[in-house]
Amino acid sequence: CERGAPTCPPGPAMAAEPPRSARRLFLLGLAAAYLAAFASLYVQLPGLYGKDGILPARKMLRVTGKGFWEQLQDSPTLLWLGPRLGLDTEQGMEVLCLLGVLLSFGALILEPLRDSLLFFALWALYLSLYQVGQVFLYFQWDSLLLETGFLAVLVAPLHLLKWRSTAWRAHDSVTFWLVRWLLFRLMFASGVVKLTSRCPTWWGLTALTYHYETQCIPTPAAWFAHQLPVWFHKFSVVATYVIEIAIPSLFFAPVRRLRLFAFYCQLLLQVLIILTGNYNFFNLLTITLCFSLLDDDHIGLWLGRGRKKAGSAWPPRSLTVLTVLAELGACGLLFYWTACHFGLKINWEKKLLESKTAFTYHEFSQWLKMVTLPLVGLGLLSLLWEILQAAYRCASARGFLWKLWGTLQWAVFTTAALGVFTISLVPFTYIEFESNGKLWPSIHQMFSAVDRYQLVNSYGLFRRMTGVGGRPEVVVEGSYDKETWTEIEFMYKPGNVSVAPPVVAPHQPRLDWQMWFAALGHHTQSPWFTSFVYRLLQGKKEVIHLVQVDESKYPFHSQPPAYIRAQLYKYWFTASQEDGSLPQNWWQQQRVEEFYPIVFLGDTQLDALLTQYGLKDKSPTKRPSDSLLPAALRLVREYTRPSTGPVLIWSLYLTAALLGLLRGVRGWLPGGSPPSGKHKISKRPEAAADPGGGGDQAGGEKNGQLKKEAAEKAKGPAEAPADGLRNLKKRK
């Protein structure tokens, strides 16, 4: 079913076409997420992984005497090519980041670049960085980006080799279904782990009374959300359970409006998280996954290009009634289940909604054991249905060669989809270990074979609520005389009680995030912290740049401190004023204990810790190369050094938006060419049905062009809609 091939004739529901506009949105959103990830990491590379950074990446790539392919097999990263290009590990990481920024920016502004080969390159680049990223890159959203990026290789069209090649294949719905399955695994596991962790705040429905002030980097809106009444917080937890545990099963519902209902529920949750927390590109990436729940008709309504539906197949009235009954039944069951299991009750006297957990841990465990494998079966049935529809579309192609070509593609991508689905069962069933143990040993072996490539992963966000009784926060202090101590304030994490929480998404300040994790335990559980203190004592500008981009705001910019220590504090949001006015301070703090002892350069305790963790500098660094590529990298670094992560990312986003706007305006001007991807098309039903313009129809004009004489004949009302170029040429 290629572009230029005769189209499949319209038929029953089984001939429904894959959602092409939803796929476009998915690839566009993924390009935006990649752009944020690469740009955010680039500005932090020298301080995190440079030769004078906290965790130098060169220590992750030891020369062992093995050949290149053996090294690549042990650690799949393109950084092994660095020495062949005259680059050290840090410079190699910079090249990978800059290539990632360039490719993702190109995919963001040019639809023809959203190609399978380009997304494979982006996946390989980020995987290469992930392999040496150590603790600063071991976040669930990094794994989620890699898994989503690999799926994009299967979902995206392959048309870079032929610029005007097909942008639609009969098997697209099969590969695109994997995105929906990933979304299901992400949301369902994130909801389940909150209860399997036995966290008392999640079971008591009080988690959100702590969440807004204890999350890593809250936004100003989090302070206002924290002031909401307790009953509303408890109801919000109930809503979270419903959205993450109950609604994901509707992702596979055969009724369209139920899937749209599930989409808007997930979208609501992600928007609320964006407003109250800085979770980098994670929410953007999750919303991108949610596009797999949409269809072209609904996206057409967003764009004001909705099309009228043809008359329903027999019996239209009965089918409509059954659909409405299914929708009402599903929604009614959902509300009944929620009211029963969470004891929802309106207290008219106090004018509030009461809620409580009305089931036990044992009951939930038995329920989870009962539904885990059936949910796998539900997913398999949904996938098989997509496979059958794709097979029908291939069989409906006119011409033996087109049938054969479509069937070969269908077989290859169906095998790939079934393979990805199969190995994903291993991390998915981690939520219930008895179900995991029932999987065939061969499935576990397949998963182990590809685990290093991050093709499929396990998820479970916000498993336990930390900071009950106060948000733990590490405050680093420096001194010249061991008497007067000055706090070293970070750009993003809470410190100064009078400074409002920032808005930094989609940038992720990875040092600030790790400072949040370090505060949850002893400093020995965070070995990198000792290296961080050591670099501050040395006055390394690369590490200082992670703390403050504007060096004038760093209290020891003129001379490094002679001594450094760290104190553990508890932070709380301040309460709102009775008159409704904002308080003078956003935070209140209380010292708890010493987190890190007083150390100085040459201190035996500091040296012992650095040696213990393998962070002591042992070999002199190489002299900077004067070749062209390293010199160009230094030039780009100097140009971007004054910019913070959020400024750089949003500058790229706004530039992409401006370029898109200019192309759109140019297309509407008299004599202007149409925007990219939109060609003049005939007035046949298939051409008019494409909400995104020409270029994606399975039986449209070859390469977007149609001879004038053939186009005039195509305007005849008696012409069959499925006629392609071949039929037009015959009539000539």
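**Exercise 1. How many of the chain's residues count as buried, as a percentage?**

Keep in mind that you're looking at a predicted model. Start with the chain's length, 732 residues; of these, 53% count as buried. Next, take the outside: the accessible surface comes to about 34,000 Å², and carbon and sulfur atoms account for 63% of that. Then check the fold's elements: the chain has 28 helices and six strands. Last, look at contacts between residues at least 6 apart in sequence: 76% of them join residues at least 24 apart.

**Exercise 2. Work out whether Ser 173 is buried or exposed, and find its side-chain partner**.

Step one: locate Ser 173 in helix H7, which covers residues 172-196. Step two: the cut-off for buried is under 20% relative accessible area. Ser 173 has 6% relative accessibility, so it counts as buried. Step three: follow the side chain of Ser 173 to a polar contact with the side chain of Arg 393, at 2.7 Å.

**Exercise 3. Place Asp 295 and list what it touches**.

First, find the loop between helix H13 (282-290) and helix H14 (296-302); Asp 295 sits there. Is this loop residue buried or exposed? Asp 295 counts as buried because its relative accessibility is 16%, and the cut-off is under 20%.

Now for the company Asp 295 keeps. Skip neighbours within four places in sequence, and you get contacts with Pro 19 and Arg 256. The side chain of Asp 295 also reaches the backbone nitrogen of His 298, at 2.8 Å. Finally, try Leu 260: it's 35 residues from Asp 295 along the chain, and their C-alpha atoms are 8.8 Å apart.

Technical notes:
Residues are numbered from 1 along each chain as its sequence is written. This is a predicted model: local features need pLDDT of at least 70, side-chain atom pairs count only at pLDDT 80 or more; totals for chains, interfaces and linings use all residues. Side-chain values use heavy atoms; hydrogens and water are left out. Helices (H or I, at least four residues) and strands (E, at least two) are DSSP runs, numbered from the N terminus. Buried means under 20% relative accessible area, exposed over 50%, partly exposed in between (1.4 Å probe, protein chains only). Contact means heavy atoms within 4.5 Å. Accessible areas come from the Shrake-Rupley method with a 1.4 Å probe; for residues, only the protein chains shown count as cover. A polar contact is a pair of N or O atoms within 3.5 Å; within protein, one must be able to donate a hydrogen and the other to accept it, and residues adjacent in sequence count only if both atoms are side-chain atoms.
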